[in-house]
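Visitor: I have a model open and would like to talk it through. Could you put it up so that we look at it together?

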Amino acid sequence: MNGATVRITLNGRPFEVEEGCSVAAAVARLGVPFRHSVRGEPRMPLCGMGVCFECRVCIDGVAGQRACMVPVRAGMQVTTDG
Ligand code: FES
């Protein structure tokens, strides 16, 4: 990491996040909750390597993306409970 940042939109709010990090890392560092289960229980990344699907987010309108597998990009729109 070189300290550079990119701007993303997370749950409708703009944030500067570290360039090159995963969406999961960016969301966690910002302290934004991840999704909730169908019973309303809070969920969060577990494996960090694309296996558990606990980190699912909506990225640029595509639901069910594994946040731990996707690096942040400038202009990315992320929704954690969508
Ligand atoms: S944390 Fe397990 S798939 Fe992302």
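Visitor: Is T80 buried or exposed?
Guide: T80 is buried, because its relative accessible area is 4%; buried means under 20% relative accessible area, exposed means over 50%, and partly exposed lies in between, with a 1.4 Å probe and protein chains only.

Visitor: Before we go on, what should I know about the model and the numbering?
Guide: This is a predicted model, in which local features need pLDDT of at least 70 and side-chain atom pairs count only at pLDDT 80 or more, while totals for chains, interfaces and linings use all residues. Residues are numbered from 1 along each chain as its sequence is written, and side-chain values use heavy atoms, with hydrogens and water left out.

Visitor: Back to T80, then: where does T80 lie, and what is T80 in contact with?
Guide: T80 lies in the segment after β5, where strands (E, at least two residues) and helices (H or I, at least four) are DSSP runs numbered from the N terminus. Leaving aside neighbours within four places in sequence, T80 is in contact (heavy atoms within 4.5 Å) with L10, N11, V27, V32, P33, F34, R35, R56 and V57.

Visitor: N11 is in that list; where does N11 lie?
Guide: N11 lies in the loop between β1 and β2, and is partly exposed because its relative accessible area is 36%. Although N11 is not a glycine, its phi is positive, at about 50 degrees.

Visitor: Switching to the sheet, what is the strand order?
Guide: The five strands form an open sheet with mixed pairing, in the order β2-β1-β5-β3-β4, and two strands count as paired if DSSP finds at least two bridges between them. At the edges are β2 (13-18) and β4 (62-66), each of which pairs on one side only. From one strand to the next the twist averages 40 degrees, with axes taken as lines fitted to C-alpha atoms, for helices over the stretch in contact, and angles running from 0 to 180 degrees between N-to-C directions.

Visitor: And what does helix α1 touch?
Guide: Helix α1 (residues 23-30) packs on the sheet and touches β1 (5-10), β2, β3 and β5 (77-79), its direction making about 115 degrees with that of β2.

Visitor: How many bridges join β3 to β4?
Guide: Three bridges join strand β3 (residues 56-59) to β4, and the two run antiparallel; V57 stands opposite Q65 in β4. Their hairpin has two residues between the strands, and D60 takes a positive phi near 50 degrees there. D60 is partly exposed, because its relative accessible area is 39%. Two bridges also join β3 to β5, again antiparallel, with T79 in β5 as the bridge partner of C58.

Visitor: Last topic: which residues touch the most other members in the largest nonpolar core?
Guide: V23 and V72 do, in a core of 21 residues; such a core is a set of buried Ala, Val, Leu, Ile, Met, Phe, Trp, Tyr and Cys residues joined through side-chain atoms within 4.5 Å. The elements giving two or more residues to this core are β1, β2, α1 and β3, and α1 gives the most, with four residues. Leaving aside neighbours within four places in sequence, V23 is in contact with V57, I59, A67, V70, P71, V72, M76 and V78.
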